[in-house]
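User: I have a structure open and want a quick tour. Can we take it piece by piece?

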Amino acid sequence: MSNPANSTSKNRGPEGNQESRDSNEILIVVGVFTAIPGSESSLAGVLSRYTVLTRGNPGCRNVDLAASLIEPGRFVLIEKWADESAQRMHADSNEMVAMAEAALPLLQSAPVLDLTIGISAHDLI
């Protein structure tokens with residue numbers, strides 16, 4: 001695999017470890033949560049509270065919560081972190097644990113989580 005920090009911009013991607021990534025790249029966590037039918041509003045409440053609380057964490061650049069228009073009951077959380085250490089600290093935080101405990105009985109299946117890095121449009125040229 002190529003090292004993203006040393007590769008041309010057209011070959012940039014999320015592969016590699018912390019040392020090989022540009023320190024200015026934003027770490028993005030994407031979570032997709034699907035509610036048990038009838039639990040949509042309860043799950044939306046749990047995720048909304050989590051979103052507001054998470055925005056105040058050190059190193060948090062932004063958190064957005066979206067509801068799918070295509071699949072009712074599907075919610076997408078997008079978290080942007082300044083660096084990996086801030087994201088890791090948050091992963092062990094009280095609001096993360098509280099959200100997981102409250103969301104678990106409302107979920108149709110395990111959430112789909114992905115850890116990505118942002119790719120700037122100028123990196124693609």
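User: What does G118 touch, leaving out residues up to four places away in sequence?
Analyst: This is a predicted model. In it, G118 touches I26 and I28, not counting residues up to four places away in sequence.

User: How far apart are G118 and I28, in sequence and in space?
Analyst: They are 90 residues apart in sequence. From C-alpha to C-alpha, the distance is 6.7 Å.

User: Where is G118 found?
Analyst: G118 sits in the segment after strand 4. Its relative accessible area is 26%, so G118 is partly exposed.

User: OK, the sheet. What is the strand order?
Analyst: The order is 2-3-1-4. Four strands form an open sheet, and the pairing is antiparallel.

User: Which strands stand at the edges?
Analyst: Strand 2 and strand 4 do. Each has a single partner strand, so one side of each is left without a neighbour in the sheet.

User: And how many degrees are neighbouring strands turned against each other on average?
Analyst: The average is 15 degrees, direction ignored.

User: How many bridges join strand 1 and strand 3?
Analyst: Eight, in the antiparallel sense. One pairing to look up is V29 in strand 1, residues 27-34, whose bridge partner in strand 3 is E79.

User: What about strand 1 with strand 4?
Analyst: Six bridges join strand 1 to strand 4, residues 112-117, and the two run antiparallel. V32 stands opposite V112 in strand 4.

User: And strand 2 with strand 3?
Analyst: Seven bridges, again in the antiparallel sense. C60 has W81 in strand 3 as its bridge partner.

User: Is strand 1 mostly covered or mostly open?
Analyst: Mostly covered. Six of its eight residues are buried.

User: Now the helices. Which strands does helix 1 lie across?
Analyst: Helix 1 lies across strand 1, strand 2 and strand 3. Helix 1 runs at about 10 degrees to strand 3.

User: And helix 2, which strands does that touch?
Analyst: Helix 2, residues 84-91, packs on the sheet and touches strand 1 and strand 3. Its direction makes about 130 degrees with that of strand 3.

User: Q87 lies in helix 2. Is Q87 buried or exposed?
Analyst: Buried. Its relative accessibility is 13%, and the cut-off for buried is under 20%. Leaving aside neighbours within four places in sequence, Q87 is in contact with L27, V29 and W81.

User: How do helix 1 and helix 3 cross?
Analyst: Helix 1 covers residues 40-54 and helix 3 covers residues 94-103. Their axes come within 10 Å and cross at roughly 175 degrees. The two helices are therefore roughly antiparallel to each other.

User: Which residues meet there?
Analyst: From helix 1, L43, V46, L47, Y50, L53 and T54. From helix 3, E95, M96, M99, A102 and A103. The residues of this contact divide into nine nonpolar, one polar and one charged.

User: Last topic, the largest nonpolar core. How many residues does it have?
Analyst: It has 19 residues. Those with the most contacts inside it are F33, L43, L47, L77, W81 and M99.

User: Which elements supply it?
Analyst: Strand 1, helix 1, strand 2, strand 3 and helix 3 each supply at least two residues. Helix 1 gives the most, with four residues.

User: What does L43 touch, again skipping residues up to four places away in sequence?
Analyst: L43 touches F33, T34, A35, F75, A103, L106 and L107.

Conventions
Residues numbered from 1 in each chain as written. Predicted model: local features only at pLDDT ≥ 70, side-chain atom pairs only at ≥ 80, totals over all residues. Heavy atoms only, no water. Axes fitted to C-alpha atoms, helices over the stretch in contact; angles between N-to-C directions. Parallel < 35°, antiparallel > 145°, perpendicular 65-115°, else oblique. Contact = heavy atoms within 4.5 Å. Nonpolar A, V, L, I, M, F, W, Y, C, P; charged D, E, K, R; others polar. Core = buried A, V, L, I, M, F, W, Y, C linked by side-chain atoms within 4.5 Å. Buried < 20%, exposed > 50% of the residue type's maximum accessible area, 1.4 Å probe, protein only. Pairing = 2+ DSSP bridges.
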